[in-house]
Structures are given as structure tokens and as C-alpha cells.
Amino acid sequence: MDRKLDLMEISQVLAQPHAKKFFIARFISNYGNGMSPIALAFGILALPNGSANLLGLTLGVTSAMFILMVPFGGVIADKYGRAKMVGLTDTLAGLILFIQVFYFATGDVPVAVLLIVNGCYGILSGIFWPAFTGIMPSIVPEAGLQKANAINSLAANAGLILGAASAGILIDTYGAAITLGIDAASFVIAGILVSTLSHLTPPMANNTNTMIKDFIDGWRVFKSFNWIVIVVVSFSFIVMCWAAAENVLGPLVALEHFNGAKSWSIVITAESAGLVVGALLAMKIKPKYPIRFLQISSFTLCFYMFSLAKPQSLLVVSICAFFFGITLDLWGTLWYTALHRMVPRDALSRVSSFDAMGALVFKPIGLAIAAPISLLIGIDNLIYILIVISVLAISLPLLSADVRNMSYEDSSNN
């Protein structure tokens with residue numbers, strides 16, 4: 001790896017004028033995010049009309065709306081200002097989620113409310129995510145990008161750990177409504193903080209292109225990087241399997257074999273702890289071929305899913321979740337560092353949007369079919385099928401020289 005691309009120390013990254021505020025906003029938002037999947041899952045399962053099918057449908061609608069919106073979200077972010085769009089969508093998402101909180105507090109949440117609220121959240125997330133992934137190069141110089149991405153992950157993952165660790169206790173003591181309310185409030189607070197950084201990412205200057213023209217230009221940049229396209233296709237299947245196993249089958253396993261929300265909170269907390277370790281490793285690790293390294297490390301997902309079959313003891317499941325968490329964060333840091341360094345700056349959010357859309361395109365399918373298929377063939381058999389799909393999706397991209405040999409040393413960004 002070219003040392004000149006990694007000269008900044010952690011203290012120098014944190015000394016950048018707006019870095020700390022950005023990291024604090026990420027921590028606050030992810031504290032709520034750490035609680036929300038656990039609270040939503042067990043909140044829905046506890047409803048009079050609740051079921052695994054309803055949980056999968058709700059999560060599937062969120063993902064589907066995200067996928068439909070995200071390619072246009074990248075255009076909006078590049079065109080109107082990334083930090084401005086992050087602040088706006090975070091704040092609106094929090095306000096919309098409070099509607100769901102009100103109904104959970106009554107103990108009766110109509111299906112229409114779940115689908116509309118979470119669908120709107122998915123649409124706003126489709127603008128938020130490509131906007132968010134394009135902000136970092138405006139906060140720190142290129143020499144500090146990998147460490148800045150690692151610190152950002154560390155802040156985010158610390159929030160996830162605290163959120164996941166407190167979720168089971170909060171749900172058991174106060175119920176899902178209070179827990180989801182804290183999640184909604186975290187979005188509003190984080191959105192207000194990031195809005196103060198809007199001047200760092202101004203709208204495109206003198207851009208008279210239509211949204212469709214910007215969309216097409218972004219697509220051309222995206223498909224010009226073979227290694228990005230191949231990995232995104234790979235992850236469309238990996239994420240489908242991961243979502244089905246962790247978001248639907250995992251809570252069912254916890255209800256059937258362990259102690260429900262408290263047990264699943266332990267597993268998610270262990271995964272979040274792995275994310276923190278991954279962030280710390282990402283500050284130091286410098287693989288010559290980062291994408292090859294990341295693909296191989298992704299086999300930890302297969303071990304994690306295998307531990308849910310039968311299932312293994314809660315300790316074994318948690319250990320596997322921990323190691324998968326390490327992999328997840330290494331992906332987050334090294335992948336986005338690669339995008340930040342290799343992709344032209346003015347197209348970064350649009351390329352990130354196609355990345356997100358492609359990687360998540362099959363996630364709604366995984367969420368929607370997990371429960372009904374598990375009823376037909378059993379949870380264990382479905383998990384084994386998901387493992388086989390994951391092994392193929394991880395292995396096949398390594399046949400490509402573009403994936404195996406991608407290096408930061410080839411950076412030609414700006």
C-alpha cells in the first residue's frame with residue numbers, strides 16, 4: 001500500500017474542525033439503531049396480529065422502498081448537498097417513526113401503519129445513505145480517509161453496542177414503544193447536528209443537467225469499475241442470506257430455544273462488539289489487495305448462520321456473531337475507503353447509491369420468504385440452503401482478476 005495515502009495520525013483526524021461533531025452524530029443515531037431491530041422484531045411478534053410473516057413483510061417493505069429510492073437518492077445528494085440531505089432525512093425519519101411509536105404504545109398497530117411508516121423510512125434512507133457515504137472526503141483530507149472511516153465506524157459501533165445491550169432490558173422493563181421512541185429521537189438529534197455541516201458539501205455548482213442525465217452519468221461511472229460491479233452482485237446474494245438469517249430466523253430461534261429478546265440482544269451485542277474490534281483493526285490493517293482480503297473474510301457469515309442451526313449454545317452463537325461483526329466493520333471501512341479514493345469525487349454519492357441498491361436488491365426477498373419457507377422445510381434446512389448460496393457468492397468473485405488484484409496503489413481519484 002502506498003504510505004503517502006495513510007500519513008495522518010488519529011489525533012490529526014480528530015483535530016479536523018468538523019470531525020468530532022460528525023462522529024458524535026453518528027454515535028447518537030446508531031444508539032437508536034442498535035435498539036430498533038430488536039424492539040421492532042419482538043414488538044411485532046408480541047402484537048395480537050403479530051407473526052414472523054408480518055415481521056418479514058414489514059422489514060421487506062422498508063428494504064424495497066430503500067432500493068427503489070436509493071439510485072435517485074445519490075443524484076439528489078450530489079445535486080443538492082450531501083450534509084443537507086443527511087440532516088433533512090434523519091430529522092424527517094425520526095418524526096415519522098414517532099407515529100409508529102404512538103400505535104405501539106396503544107398495544108395495537110394496524111398493518112397499514114407498519115407498512116406505511118416503515119416504507120416512508122425506507123424512502124428517506126434511500127436518500128440518506130448515499131448522501132452520508134459521500135460526506136467524509138469533505139471532512140478530512142485523503143491522507144486521513146482510512147483512519148477517519150475507521151473512527152466513524154468505531155463511533156457508530158459503540159452506539160450499536162450500547163443500543164443493543166440496553167434493548168433487551170428496555171423492552172422487558174418498559175416495552176417496545178419506549179425503546180422505539182428512543183430510536184426515533186436519536187434520528188432527530190443526529191439530523192440537527194449534521195445539518196450544521198451543510199456548508200461543507202454545497203450543491204453542485206452550475207449544474208443544469210436533468211436528474212435523469214445525472215442518473216445516467218452516475219451509472220456510467222459505476223459500471224466503469226469492474227471490481228465494484230462484481231462485488232455488488234456478490235453482495236446482493238450475501239445480504240439476502242444474512243437478512244433472512246439474522247432479522248427473521250434469528251429472533252425465531254431465540255424465542256424457541258433461548259430466552260427471547262434478552263437472548264437475542266446478547267447475540268446482537270456480541271456482533272456489535274465485533275464491529276468495534278473491526279474498527280480498531282481497520283485503523284492499523286493495510287492489506288495490499290483489500291477486496292480479496294474482504295471477500296475471504298466474509299466466510300465468517302457462513303459460520304454465524306451455521307451456529308443458528310440446531311442451534312448451538314448461546315455462547316457459540318454469540319462468538320460467531322462477534323467474528324462476523326469484525327468482518328462487517330472491516331468491509332465498511334476498507335470498502336468505503338476504496339470508493340473514496342478510487343471514484344471521482346463529484347460522482348461519489350451516485351456510485352454509492354448504485355452500490356447500495358445492488359447490494360440490497362434481494363434483501364426484501366430474503367426477509368419476505370424466510371418465515372414461510374422455514375415453516376415448509378424447517379429453520380435448519382433453510383439455514384443450510386442460505387449457507388450454500390453464501391459460499392458461492394463469496395467464492396465466485398475471487399475468480400476475477402479485477403477483484404483479486406484491486407489495490408489502493410492504483411488510486412486515480414481527483
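Helices here are DSSP runs of H or I with at least four residues, numbered from the N terminus, and with that in hand I looked up Arg82, which lies in helix 4, residues 82–106.

**Confidence.** I am working with a predicted model, so I checked pLDDT before going further. The mean over the protein is 85, and 95% of the residues reach 70 or more. Among the elements, helix 17 (residues 379–395) has the highest mean pLDDT, 94, while helix 15 has the lowest, 80. Over residues 1–5 the pLDDT stays under 50, and I noted that the model has 13 contacts for this stretch beyond four places in sequence. Where pLDDT is low, the predicted coordinates should not be read in detail.

**Arg82.** Is Arg82 buried or exposed? Its relative accessibility is 9%, and because buried means under 20%, I entered Arg82 as buried. Leaving aside residues up to four places away in sequence, I found that Arg82 touches Ala77, Ala131, Gly134, Ile135, Thr201, Arg345, Asp346, Leu348 and Ser349.

**Helix 5 and helix 15.** I next looked at how helix 5 (residues 111–133) meets helix 15 (residues 348–360), and found that their axes come within 8 Å and cross at roughly 125°. That angle makes helix 5 oblique to helix 15, and the crossing is right-handed. From helix 5 the contact is made by Trp129, Pro130, Ala131 and Thr133, and from helix 15 by Leu348, Ser349, Ser352, Ser353 and Ala356. By character, I have the residues of this contact as five nonpolar, four polar and no charged. Going back to my earlier entry, I see that Ala131, Leu348 and Ser349 of this contact are also among the residues that Arg82 touches.

Conventions
Residues are numbered from 1 along each chain as its sequence is written. This is a predicted model: local features need pLDDT of at least 70, side-chain atom pairs count only at pLDDT 80 or more; totals for chains, interfaces and linings use all residues. Side-chain values use heavy atoms; hydrogens and water are left out. Helices (H or I, at least four residues) and strands (E, at least two) are DSSP runs, numbered from the N terminus. Buried means under 20% relative accessible area, exposed over 50%, partly exposed in between (1.4 Å probe, protein chains only). Contact means heavy atoms within 4.5 Å. Axes are lines fitted to C-alpha atoms, for helices over the stretch in contact, and angles run from 0 to 180 degrees between N-to-C directions. Angles under 35 degrees count as roughly parallel, over 145 as roughly antiparallel, 65 to 115 as roughly perpendicular and the rest as oblique. A crossing is left-handed if the near helix is turned anticlockwise from the far one by less than a right angle, and right-handed if clockwise. Ala, Val, Leu, Ile, Met, Phe, Trp, Tyr, Cys and Pro count as nonpolar, Asp, Glu, Lys and Arg as charged, and the others, Gly among them, as polar. pLDDT is the predictor's confidence in each residue, from 0 to 100.
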